[in-house]
Amino acid sequence: MPTERTSIHGQWSNRLAFILAATGSAVGLGNIWKFPYIAGENGGGAFVLVYLLCIAVIGIPIMMAEVMLGRRGRQSPINTMRTLAYEEKVSPAWRWLGWAGVLAGFLILSYYSVIAGWALAYVFRAGSGLFTGLTADGVQSIFSNLVDEPERLLAWHTIFMVMTMIIVGRGVRSGLERAVRLLMPALFVLLLVLVGYAWNTDAFDQGLEFLFTPDFGAITANGVLIAMGHAFFTLSLGMGAIMVYGSYLPDNASIAKTSVTVSLMDTTVALLAGMAIFPIVFANGLEPGAGPGLIFQTLPIAFGHMDGGAFFGMLFFLLLVFAAWTSAISLIEPAVAWLVENHGMSRIYAAALAGMVTWGTGLLTVFSFNLWADFKPLGMFAVFEGYTIFDLLDYLTANIMLPLGGLLIAVFAAWQMRRESSVEELAMGDGFLYGLWRMLVRYITPVAVIIVFLHAIGVL
Ligand code: TRP
């Protein structure tokens, strides 16, 4: 029963357009801001290895499953799950998976936008030549000056949310495709320039060793959970973002090839970011576990010491903002698509409404870095010692909601959906590769997620 459905929101022009959009969603703050700082906090090499393993064994198969469900349903994740559950004659309760995704997207975007605001602020700080000749201390005080001021953070957060809602309101397709095509390669080149700078510091080897030599003594069960959660986060999996993008994918595009391509590009960007940042960390006697401010306290040193640093620095943060922008729109798109489908709202109105709710929630993160910096709501639990509200939001979404969402997507795709449906939608035949995918999604992914969860809560 091939579906004749089309999406009311339009379709990507071709497979390349989808790859660009999905890469735009995947490559973002997760790769450049988050990956280095959590790798630093969790001891480096072993963490990176677990993360890479999770991308290969869990991330890619789940991405295929998510794209597949989206393309088959051709609606917002909530309605896609409802339709597919009906067609596959399984419980209508599966639509709640769509709802959980919408909630996760809201929560993630609420803090994502605040951090993107930092990047936005740094465009101007870099461009004005503020970093020229600065030492580690100087760079650190510039960072504190920014995050200590709630009004300042709020202003940047507001600007970034407005930027996001404008694009979402206009429809994900217009303008986005072309922009990603140009700016993603530019970001890539600038990262190479930064790796080049790092190469010339005397700590390049030390940085690479930190990143690529696994020391299993340095990682904890919670670290493994964080690595797995990040595999979901960085690939935009587990909350319907890739599902909704899949719903705009043309029928004849290969889901397997696109998923592998997007995952490879995403991973490359993260590793390059790590290779640029850690040598600078060690060359300047900084702390790899410095936390969320890591890139904002390291890269400016590089820009402050290279020829044309003001220009390159400005360009880098501009491209980072752009990468964050193309990710942010995918976090809110499932909610907006649903508002349009079920409440007949115009896209603009739906975007404004969703944006306002997210903006308000973002205040929790804004204050986590200043007024409430000492408020550690779950500090009585050892794992959450020192966690601010922002840290908790990040932990809850990336390490719990996304893996759980991914687990349920796997269960639906491989246990609830009839085999013929997935054979048909993936359109890769019913041979070895299909069998491998099905085996991974049916057994390996769910079991891996459950084991990591049980370890992290100390049951195993
Ligand atoms: N993947 C993006 C990043 O690495 C963030 C992101 C966009 C995301 N859409 C998502 C994370 C959906 C989880 C789910 O920056």
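Helices here are DSSP runs of H or I with at least four residues, counted from the N terminus. A cavity is a set of points, on a 1 Å grid over the protein atoms alone, where a 1.4 Å probe fits but cannot get out, and lining residues are those with an atom within 4 Å of a point. The model is a predicted one, with local features needing pLDDT of at least 70, side-chain atom pairs counting only at pLDDT 80 or more, and totals for chains, interfaces and linings using all residues. Numbering starts from 1 along each chain as its sequence is written, and side-chain values use heavy atoms, with hydrogens and water left out.

Enclosed spaces come first. Two cavities of 30 Å³ or more turn up, where a volume is the space filled by probe spheres set on grid points that are joined across faces, edges and corners. The largest cavity holds about 130 Å³. Its lining is made up of 18 residues, and nearest the centre sit Ser-25, Tyr-112, Phe-233, Ser-236 and Leu-331. Helix 1 (15-26), helix 2 (29-41), helix 5 (95-127), helix 10 (221-234) and helix 14 (309-343) each give two or more residues to this lining. Sorted by class, the lining of the largest cavity has 11 nonpolar, seven polar and no charged residues; nonpolar covers Ala, Val, Leu, Ile, Met, Phe, Trp, Tyr, Cys and Pro, charged covers Asp, Glu, Lys and Arg, and the others, Gly among them, are polar.

The second largest cavity comes in at about 60 Å³. Around it are Pro-77, Met-81, Leu-97, Gly-98, Gly-101, Gly-238, Met-239, Gly-240, Met-243 and Ile-409. Helix 4 (77-87) and helix 5 each supply at least two of these lining residues, and helix 5 gives the most, with three. Here the split is six nonpolar, four polar and no charged.

Next come the open spaces. A pocket is an open set of points with protein on both sides within 12 Å along at least five of seven lines. The largest pocket has a volume of about 520 Å³. It is lined by 28 residues, with Tyr-37, Glu-41, Pro-292, Tyr-387 and Asp-391 closest to its centre. Two or more lining residues come from each of helix 2, helix 6 (136-147), helix 10 and helix 16 (389-416), and helix 16 gives the most, with five. Charged residues do appear in this lining: there are six of them, alongside 13 nonpolar and nine polar.

For the second largest pocket, the volume is about 230 Å³. Leu-20, Thr-23, Val-27, Arg-181, Met-184, Pro-185, Leu-187, Phe-188, Met-265, Thr-268 and Val-269 line it. Helix 1, helix 8 (176-199) and helix 12 (255-283) each provide at least two of the lining residues, with the largest share, five residues, coming from helix 8. Eight of the lining residues are nonpolar, two are polar and one is charged.

Finally, there is a helix pair to look at. The axes of helix 2 and helix 13 (residues 294-305) come within 9 Å and cross at roughly 105°, taking axes as lines fitted to C-alpha atoms over the stretch in contact and angles as running from 0 to 180 degrees between N-to-C directions. Helix 2 and helix 13 are therefore roughly perpendicular, a label for angles of 65 to 115 degrees. Ile-32, Trp-33, Pro-36 and Tyr-37 of helix 2 meet Leu-294, Ile-295 and Phe-296 of helix 13, contact meaning heavy atoms within 4.5 Å. The residues of this contact are seven nonpolar, no polar and no charged.

Definitions and conventions
Parallel < 35°, antiparallel > 145°, perpendicular 65-115°, else oblique.
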